[in-house]
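Work through the following exercises with the sequence and the model side by side. Each task is followed by a solution that goes step by step.

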Amino acid sequence: MDNVTLTVGSGEFVSVVGPSGSGKSTLLLVLGGMLTPESGEVEIGGESLYAMSPSNRARVRREKVGFVFQTFNLVPYLTALANVQVPLYLRGKEPAEQIARATELLEQVGLGDRLDHKPSELSVGQQQRVALARMMANDPQIILADEPTGNLDPATGDQILGFLETLNRAGKLVLMVTHDMRAASRAGRILKLKDGRVEELNVADDS
Amino acid sequence: MKLHTLVFREIFERKSQLLTSFLAILLGITVIVSIKNISFYSEKAVARELDALGANILVLPKSATLQNYYSADMQDEELPEEYVTILATSGLEGLDNISPKLSAAVSVRGTTCTLTGILPKQEFQSKAAWEGAGIFSRPAGCGVVAQMPGADNTPARETLVRKRVIDTLQPDEALVGSEVAASLSLKENESFDILGRPFRVTALLPQTGTVDDSRIFAHLHSVQELLGKGPVINAVEIVGCCQEISRGLVAKLNQALPDAKVVTVAQVVDTQIKTNSMMAGLSLVFLSIIVLVGGASIANYMYANVYERRREIGTLLALGASPSLVVMMFLFKALLLGIVGGIGGFLLGTVLAAALGPRIANVPVFPMPMLLLWAVLISAAISLVASLLPARNASRLDPCATLQEG
């Protein structure tokens with residue numbers, strides 16, 4: 001990335017598009033406090049992310065950021081319920097509270113009957129819904145989604161985009177990286193990453 | 001969900017991969033525990049056998065030379081009997097038995113033999129000044145091993161041959177060596193005269209093949225009176241604890257008795273010290289191998305585990321896990337591996353030692369609970385140290401590499 005300056009306000013739904021290798025996912029990791037840029041800074045709510053200690057950055061991720069990955073990244077040896085419990089455990093919640101909240105979230109995404117299933121026992125769509133429930137566990141203000149529909153069939157992809165839109169309507173900032181223009185067009189704002197630079201696309205003109 | 005839930009579930013999920021490392025540490029600790037257990041009882045047995053050889057330290061007059069261990073006291077030079085008091089009250093550790101002697105050639109029924117005066121234990125106990133020193137009431141040192149159950153108990157009087165001291169001896173009692181007894185045709189409870197004083201044979205000593213066979217033992221003070229020499233002795237035989245000897249007991253004795261010569265019976269002491277150090281050396285060699293093999297196996301497993309779980313680690317970091325939590329996840333797993341390996345190794349090693357001890361070292365081997373603590377500590381330490389670098393690497397994984405891999 002080269003000289004990227006980007007301001008995203010709370011409640012926005014932004015898509016980032018661009019060819020493979022253009023740095024979309026890298027941008028997402030930098031914004032999420034996972035990858036220190038060689039120069040420049042990232043601010044969340046006025047706090048400079050990379051001026052913080054690694055443990056403070058981890059705290060910001062726990063409290064304010066939720067990640068969704070293309071390959072779901074569920075912990076393979078944990079059940080759906082335990083996977084959703086992980087961020088709650090990291091936030092310091094007691095086991096009983098973790099179970100209650102994780103159950104509620106899995107019911108919200110329609111997996112109330114799959115609590116004790118491991119990822120290998122779930123369909124890809126169900127796995128992505130578990131990942132969504134896990135992302136929502138600590139009620140983050142910022143949702144960073146990396147190709148959330150990339151591995152899904154169109155119907156399931158629509159379902160996931162529907163969940164993201166619902167969350168956005170509830171006031172969450174959603175920043176979604178995708179190479180699927182149809183998915184990108186569901187956002188209110190589209191950014192194109194090319195040769196390391198960001199340019200804004202007109203939503204209405206793009207197809 | 002807690003840290004241990006994450007660790008336990010991961011272990012359970014990938015138990016087959018953990019098995020090799022677990023076996024490496026388990027077998028390593030098993031070998032260490034077996035060697036330690038067998039060598040402990042083997043050292044005891046050696047100490048017991050060396051104890052049977054008798055005294056291993058001699059206190060002689062300065063000018064005396066040690067030609068023969070069994071006849072060290074048969075020379076003309078003398079020491080004051082007061083030296084025994086000095087030794088008994090010295091408080092020096094490692095003096096298990098003290099036996100002063102005064103010897104002279106005498107004629108009994110026309111036959112020349114050696115009359116040797118010895119001081120029975122009762123004399124030590126009857127002297128208030130010596131009682132505090134408690135030479136004979138101390139717990140058994142390494143040179144004096146408690147009788148093993150089932151072993152033959154030597155008749156009290158005959159312990160003189162082995163332990164160089166006896167419990168009681170009256171002024172008119174005599175113990176007669178086998179050769180003298182045969183040539184004078186002496187029998188137990190028979191009375192006979194030595195330099196005109198009557199003595200009663202309280203025991204005939206078993207044959208030893210040494211000059212002791214041609215000796216008549218009597219109370220030291222009776223011999224001093226008979227010889228008209230006053231409170232003097234020719235030598236003091238001491239059964240010293242070999243470990244204390246190696247820690248400088250002889251130098252301390254020389255310091256306590258500057259006008260006497262203190263010598264060790266080198267072969268006896270050296271044998272035990274060499275045996276002990278050989279066992280210790282062997283344990284050290286095995287421990288080094290276990291540390292290397294066990295440690296390398298665990299480090300190898302941990303590196304592979306980190307590599308295999310890099311995506312999971314990246315995800316946990318993205319979800320807000322701190323790098324220190326990732327380190328703790330791996331170290332907690334290492335600790336579990338170490339503790340279970342240590343306990344398992346102790347149990348297996350103890351069973352192995354009990355089974356092999358009688359065959360290899362010809363000694364009965366019993367469990368040593370103290371080794372459990374050592375086994376767990378060593379095992380946990382190896383496991384933790386071997387996992388430090390892999391755990392640190394896990395916490396520093398590049399998220400781009402871990403999360404972007406399809």
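**Exercise 1.** In this predicted model, determine which helix of chain B contributes the largest share of the nonpolar patch, and place Ile339(B) with respect to burial.

*Solution.* Begin with the helix: α13 of chain B, spanning residues 323-360, supplies the largest share of the nonpolar patch, namely 4 residues. Next, list the members, which are Leu335(B), Ile339(B), Ile343(B), Leu347(B) and Leu372(B), and which together have about 360 Å² of accessible area on the surface. Then take Ile339(B), which is found in helix α13 of chain B; its relative accessible area is 31%, so Ile339(B) counts as partly exposed, given that this class lies between the cut-offs of 20% and 50%.

**Exercise 2.** Give the strand order of the open sheet in chain B, and identify its edge strands.

*Solution.* The 9 strands follow the order β6-β7-β5-β8-β4-β3-β10-β1-β11, with mixed pairing. The edges are β6 (191-194) and β11 (260-264) of chain B, each of which pairs on one side only. Neighbouring strands are turned against each other by 35° on average, with direction ignored.

**Exercise 3.** Describe how β3(B) is joined to β10(B), and then find the helices that lie against the sheet.

*Solution.* Strands β3 (residues 95-108) and β10 (residues 235-240) of chain B run antiparallel and are joined by 6 bridges; within β10(B), Gly240(B) is the bridge partner of Leu95(B). Helix α8 (residues 220-227) of chain B packs on the sheet, where its contacts include β3 and β4 of chain B, and its direction makes about 35° with that of β3(B). Helix α10 (residues 249-256) of chain B lies across β1, β3, β10 and β11 of chain B, running at about 170° to β11(B).

Notes. Residues numbered from 1 in each chain as written. Chains lettered and ligands numbered in written order. Predicted model: local features only at pLDDT ≥ 70, side-chain atom pairs only at ≥ 80, totals over all residues. Heavy atoms only, no water. Pairing = 2+ DSSP bridges. Helix = DSSP H or I, 4+ residues; strand = E, 2+ residues; numbered from the N terminus. Axes fitted to C-alpha atoms, helices over the stretch in contact; angles between N-to-C directions. Contact = heavy atoms within 4.5 Å. Patch = residues over 30% accessible without salt bridge, like charges linked within 9 Å, V, L, I, M, F, W, Y side chains within 5 Å. Areas by Shrake-Rupley, 256 points an atom, 1.4 Å probe, with all protein chains shown as cover. Salt bridge = Lys/Arg side-chain N within 4 Å of Asp/Glu carboxyl O. Buried < 20%, exposed > 50% of the residue type's maximum accessible area, 1.4 Å probe, protein only.
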